[in-house]
Amino acid sequence: MKLNRTATVLIAGSAALTLALAGCSSDDNTAAEVTESATSAATEATSEMEKNDAAVQLADAYIKEKPADKGMAAIFGTLTNNTDKDIKVSSFKLEGLKEGTKFEQHDTKDGKMFEVPEGLTIPANGELVLEPGSTHFMIMDNDEAMDVGAEYKLVIELSDGSSITQDVEVRVQPAGEEDYGNDGDLNNPEHMGGGEMDHSHH
Ligand SMILES: [Cu+2]
């Protein structure tokens with residue numbers, strides 16, 4: 001029984017880690033191990049995370065950190081549409097933020113971002129990439145610090161009636177994604193300062 005307990009704890013930890021790092025290049029191995037040695041509860045959690053028949057999946061998601069005196073932050077990641085119909089993002093929100101916080105879907109043109117009130121489209125059998133300088137989810141009118149390493153529950157409502165709920169971690173804007181295969185470097189202050197988005201026109 002001792003073995004089982006240990007395994008369960010490990011699995012719970014791995015599952016959480018896998019969620020947090022969703023899409024980080026190294027999480028595939030972790031997921032495979034989890035599946036092999038899982039208890040039933042952990043197996044459920046894992047298969048939910050990795051369900052390939054989900055209409056839309058979110059990978060590589062992170063929130064760009066912000067201090068309390070900056071009103072805006074953005075969420076980036078890749079939404080994959082596994083169906084043969086276009087699906088729109090109806091809305092999204094981060095749970096636990098102050099009342100009055102606004103959540104907007106944005107696109108960027110000629111260096112200026114603008115709201116897409118009708119919702120961004122995840123093309124049929126394609127991807128919607130949320131990235132700096134392009135489409136992104138915007139958090140506005142918020143005066144809370146979003147510190148590196150903190151996690152928020154992201155809920156995305158989709159036009160097909162389904163939704164995605166995923167824990168998303170706050171990160172420094174990576175200057176080069178390749179360097180972030182695991183999150184060991186993320187608290188390194190040397191990574192601060194680069195890649196600031198231009199959101200000042202708000
Ligand atoms: Cu924006």
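In this predicted model, strands are DSSP runs of at least two residues, numbered from the N terminus.

**Exercise 1. Determine in which strand Phe137 lies, and whether Phe137 is buried or exposed.**

Solution. Step 1: Phe137 belongs to strand E8. Step 2: a residue is buried if 20 or more other C-beta atoms lie within 10 Å of its own. Step 3: Phe137 has 25 other C-beta atoms within 10 Å, and therefore counts as buried. Step 4: leaving aside residues up to four places away in sequence, its contacts are Ala74, Ile75, Phe92, Phe103, Gln105 and Leu130. Step 5: Phe76 lies 61 residues from Phe137 in sequence, yet the C-alpha atoms of the two are 6.7 Å apart.

**Exercise 2. Identify the strands that E2 and E4 pair with, and give the sense of each pairing.**

Solution. Step 1: E2 and E8 are antiparallel and are joined by three bridges; here Ala73 faces Ile139 of E8. Step 2: E8 also pairs with strand E4 (residues 102-109), again antiparallel, over five bridges. In this pairing Glu104 has Met138 of E8 as its bridge partner. Step 3: E4 is joined in turn to strand E5 (residues 112-115) by four bridges, in the antiparallel sense, and Asp107 is bridged to Phe114 of E5. Step 4: the connection between E4 and E5 is a hairpin with two residues between the strands, and Asp110 in the turn has a positive phi of about 50°.

**Exercise 3. Describe the largest nonpolar core: which members touch the most others, and which elements give two or more residues to the core?**

Solution. Step 1: the core holds 26 residues, and the members touching the most others are Ala61, Ile63, Ile75, Leu154 and Val168. Step 2: the elements giving two or more residues to this core are strands E1 (56-64), E2 (73-81), E3 (87-94), E7 (127-130), E8 (136-140), E9 (151-158) and E10 (163-171). Step 3: Val168 serves as an example, touching Ala61, Tyr62, Ile63, Ile75, Glu151, Tyr152 and Leu154 once residues up to four places away in sequence are set aside.

**Exercise 4. Summarise the chain as a whole: how many helices and strands are there, and what share of the contacts with a separation of 6 or more joins residues 24 or more positions apart?**

Solution. Step 1: the chain contains three helices and ten strands. Step 2: along the sequence their order is α-α-α-β-β-β-β-β-β-β-β-β-β. Step 3: among contacts with a separation of 6 or more, 66% are between residues 24 or more positions apart. Step 4: of the 202 residues, 25% count as buried.

Terms used: Residues numbered from 1 in each chain as written. Predicted model: local features only at pLDDT ≥ 70, side-chain atom pairs only at ≥ 80, totals over all residues. Core = buried A, V, L, I, M, F, W, Y, C linked by C-beta atoms within 7 Å. Buried ≥ 20, exposed ≤ 12 C-beta atoms within 10 Å, placed from the backbone. Contact = placed C-beta atoms within 7 Å. Pairing = 2+ DSSP bridges.
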